[in-house]
Amino acid sequence: MNIAVAVKVVPDDQDIAVAADRTLDYSKAHQVVSEYDLNAIEAATLLAEEAGATLYAVSASNAKADDLKVKKSILSRGPAELRMIADDAFAFADARVTARALATLVRGIGEVDLVVCGDGSADDYAQQVDVQLADALGLPVVTAVSAVSVEGAVATCDRMLETQLQTVQVDLPAVISVVPDIALPRIP
């Protein structure tokens, strides 16, 4: 079984400065993994450990993401391998462009049973990459997942809706997006 987790690398909020003309200056910002994706990496790592699966991280980010510290941060959290496109064309890419690039990376792995995404990203929180990635891969998608288990070729996902808990089963392969409280990220 193969699992992929989508990871977005973003400028660290603490390093972003406001210029005199009131624009944001990212020039001195260190690159970090989006906080929402830290939870997705942990959830995917736990699933991979439980299922004896191989976990791959995939990322389409700006050129600054091609940094040893960033790569170590991702790989030290559980993935066996990182496949990354690091190009400034992705610095401000929209969800469609990002999803298509991620789909290319996922396809490059070969057979992937489950793709795990965070439910948004720390930079614009559009909540669209997961559904567009599923569309690009031709797979079903379950969003807002607060708990997940895999048995055979089926993933059972709990989703907390406004007033009720919904349990959904989806045949694999599939894409899921997880809410931040699904798992507490481990310290690498």
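Me: Why does R186 count as partly exposed in this predicted model?
Reply: The relative accessibility of R186 is 29%. Buried means under 20% and exposed means over 50%, with partly exposed in between; R186, at 29%, therefore counts as partly exposed.

Me: Why is E42 called buried?
Reply: E42 has a relative accessible area of 7%. The cut-off for buried is under 20%, so E42 is placed in that class.

Me: What makes the contact of E42 and R186 a salt bridge?
Reply: The two side chains meet at 2.7 Å, N to O. The criterion asks for a side-chain nitrogen of Lys or Arg within 4 Å of a carboxyl oxygen of Asp or Glu, and the pair of E42 and R186 satisfies this with 2.7 Å. E42 belongs to helix α1 and R186 to the segment after β12, 144 residues apart, and the pair thus links distant parts of the chain.

Me: How do you know that R186 and E49 also form a salt bridge?
Reply: Their side chains meet at 3.4 Å, N to O, and the limit is 4 Å. Because E49 lies in helix α1 and R186 in the segment after β12, this pair ties together parts that are 137 residues apart in sequence. E42, E49 and R186 are linked in a network of salt bridges.

Me: What makes D66 and K71 a salt bridge, and which exposure class does K71 fall into?
Reply: The side chains of D66 and K71 meet at 2.5 Å, N to O, and the cut-off is within 4 Å. K71 has a relative accessible area of 27%; since buried requires under 20% and exposed over 50%, K71 is partly exposed. The count by this rule comes to 4 salt bridges.

Me: How do you know that β9 pairs with β12, and in which sense?
Reply: Pairing requires at least two bridges. Strand β9 (residues 141-151) and strand β12 (residues 174-178) have 3 bridges, in the parallel sense. Within this pairing, V142 stands opposite I176 in β12.

Me: What makes β9 and β10 a pair?
Reply: With at least two bridges needed, the 6 bridges between β9 and strand β10 (residues 154-160) qualify, and their sense is antiparallel. The bridge partner of A147 in β10 is D158. The hairpin of these strands has 2 residues between them, and G152 takes a positive phi near 65° there.

Me: Which residues have the most contacts inside the largest nonpolar core?
Reply: That core has 34 residues, and I3, V5, V116 and I176 have the most contacts inside it. Its largest share, 7 residues, comes from α1.

Notes: Residues are numbered from 1 along each chain as its sequence is written. This is a predicted model: local features need pLDDT of at least 70, side-chain atom pairs count only at pLDDT 80 or more; totals for chains, interfaces and linings use all residues. Side-chain values use heavy atoms; hydrogens and water are left out. Helices (H or I, at least four residues) and strands (E, at least two) are DSSP runs, numbered from the N terminus. A nonpolar core is a set of buried Ala, Val, Leu, Ile, Met, Phe, Trp, Tyr and Cys residues joined through side-chain atoms within 4.5 Å. Buried means under 20% relative accessible area, exposed over 50%, partly exposed in between (1.4 Å probe, protein chains only).
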